[in-house]
Amino acid sequence: SGDASVSDDSGNEVNMGQEDVSSAEGEQSDNVEASEVSEALQEAVEAETEFAQPAFAAVTPNTMLRVTLLLPFHARGEAKENIVDFYRGVLLAMEDLKSAGYSIELTVLDTKRNAEHISDMIYYGELDTQLIIGPVYSEEFSPLLAYAEERNIPVVTPLSDINPEEVSSPVLFQMQADGDYRNQKYAQLFDESYQVNIIYGPSNDKSYLAEMLEATKGLSNVRHLNVAIGGQSVGFYLRNADGTNGASVALSSLIPYDGRSVVTVVADRDYVIEKVLSTVGEEVKKCERGVNDCVFIGSRKWDDLTYLDRTGFFQTALSVITPYNSKRTDNNAIRVFESRYLLTYGLLPTPYACRGYDAFMMFCTKMFTGLDKTILLERITPLATPYEFKFENGMFVNTEWVNIQYQRDFTIKYE
């Protein structure tokens with residue numbers, strides 16, 4: 001059918017027969033073993049999830065599991081490096097599963113972000129499989145889900161937050177944390193009792209601004225401020241409706257002595273973010289305010305800003321709400337994975353590589369131990385990011401967002 005064949009860096013073909021999963025350096029596969037669920041808990045799941053559970057294939061440990069990766073390695077004529085990173089993470093999970101004694105036949109197919117191409121794969125019998133990981137884009141699901149439902153094949157979409165009005169199926173598992181649950185995570189950090197300060201720069205990150213506006217919707221005590229930087233001086237001003245500066249605002253008002261506040265910066269330039277963090281961080285230190293009195297929130301995109309000094313993250317005890325945690329600080333599982341990835345590929349892993357490992361490790365293991373409604377009772381952490389699924393809008397959806405909390409003692413915690 002013209003699908004691009006995919007090989008690993010040593011040239012090995014990807015239609016690889018028997019592969020397995022160990023816990024290469026120790027601890028990684030332990031936390032994805034299926035929980036022993038009592039009969040009472042199973043009854044609770046049945047009571048709370050009134051839907052027709054597909055009878056997914058039961059694979060015993062001494063038989064071979066057939067898995068298909070169905071991913072857009074090429075989309076609109078361009079190779080997608082993030083998908084290659086994802087695939088590399090899958091290969092490391094394959095090694096671990098092999099070491100654990102599992103047999104897996106992996107087939108890798110390139111969707112090319114083309115629904116007709118997937119229809120051709122189905123027509124020519126290329127999806128003789130028991131587990132599908134992929135696809136990514138909503139337009140790719142139409143031909144696939146009807147096929148998977150007819151054969152009770154679980155379909156795991158690893159990277160997309162799907163609109164259930166466009167795509168939904170009882171065989172579908174969404175690994176990307178659902179956006180609706182992000183605001184619940186923010187609500188754990190602040191409420192109506194906090195004064196919220198949203199600080200704008202000369203240019204701003206529109207998607208992060210939209211995220212913060214959504215998170216603060218309905219709160220009455222929200223201030224929109226402009227920051228002006230001139231040399232070593234930093235000034236704050238109320239932001240007018242047209243984006244211009246209004247009245248000057250004292251720095252100390254961002255850190256009130258007699259109340260609690262939230263500060264975030266929606267600017268998209270690293271020097272603006274860094275200057276605000278350092279300025280406000282020094283004020284916090286001077287005022288000796290606790291981390292619960294003054295909450296600093298940052299964008300997960302800040303890690304991609306090359307020249308942003310991270311010292312301010314720790315000075316302000318910054319919180320970052322993210323769907324994926326790939327921080328190696330204080331996280332041995334990520335450190336081990338990073339070392340293996342670097343040794344194998346000569347590169348540092350991206351979050352896509354970590355998600356590839358998680359997807360393959362978690363769902364292949366569940367196919368052997370039993371993939372059914374009991375997954376709704378579990379909190380599964382293959383590497384460092386936990387996954388908790390709910391059945392809603394006709395499919396299984398991950399609800400877990402991670403709060404990465406930088407501490408003033410230069411450690412990092414996760415919630």
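## Odd loops, a buried asparagine and a pocket

Q: Which loop is alanine 317 found in?
A: Alanine 317 isn't placed in a helix or a strand here, but in a loop. Going by DSSP runs numbered from the N terminus (helices are H or I, at least four residues; strands are E, at least two), that loop runs between helix 8 (311-315) and strand 15 (319-322).

Q: What kind of model is this?
A: Residues are numbered from 1 along each chain as its sequence is written, and side-chain values use heavy atoms, with hydrogens and water left out. Local features need pLDDT of at least 70, side-chain atom pairs count only at pLDDT 80 or more, and totals for chains, interfaces and linings use all residues: it's a predicted model.

Q: Is alanine 317 buried or exposed?
A: Its phi is near 55°, positive in a residue other than glycine. With a 1.4 Å probe and protein chains only, buried means under 20% relative accessible area, exposed over 50%, and partly exposed in between. Alanine 317 has 12%, so it counts as buried.

Q: What is the relative accessible area of arginine 113?
A: Arginine 113 sits in the loop between strand 5 (103-110) and helix 3 (115-123). Its phi is positive too, near 50°. Arginine 113 is partly exposed because its relative accessible area is 23%.

Q: Which residue does glycine 134 join through a cis peptide bond?
A: Omega of that bond is about -5°. The partner lies in the loop between strand 6 (131-133) and helix 4 (141-151), and it's proline 135.

Q: Which residue's backbone nitrogen lies 3.2 Å from a polar atom of the side chain of asparagine 398?
A: Asparagine 398 belongs to strand 17 (residues 395-398) and is buried, with a relative accessible area of 0%. Leaving aside neighbours within four places in sequence, its contacts (heavy atoms within 4.5 Å) include Gln174, Asp178 and Tyr387. The backbone nitrogen in question is that of glutamate 400.

Q: How far apart in space are tyrosine 414 and threonine 385?
A: Tyrosine 414 lies in strand 19 (residues 412-414). The two are 29 residues apart in sequence, and C-alpha to C-alpha the distance is 9.3 Å.

Q: Which element supplies the largest share of the lining of the largest pocket?
A: A pocket is an open set of points on a 1 Å grid over the protein atoms alone, where a 1.4 Å probe fits, with protein on both sides within 12 Å along at least five of seven lines; lining residues have an atom within 4 Å of a point. This one has 38 lining residues, with Arg300, Asp304, Thr322, Tyr324 and Pro351 nearest its centre. The largest share, 4 residues, comes from helix 10.

Technical notes
A polar contact is a pair of N or O atoms within 3.5 Å; within protein, one must be able to donate a hydrogen and the other to accept it, and residues adjacent in sequence count only if both atoms are side-chain atoms.
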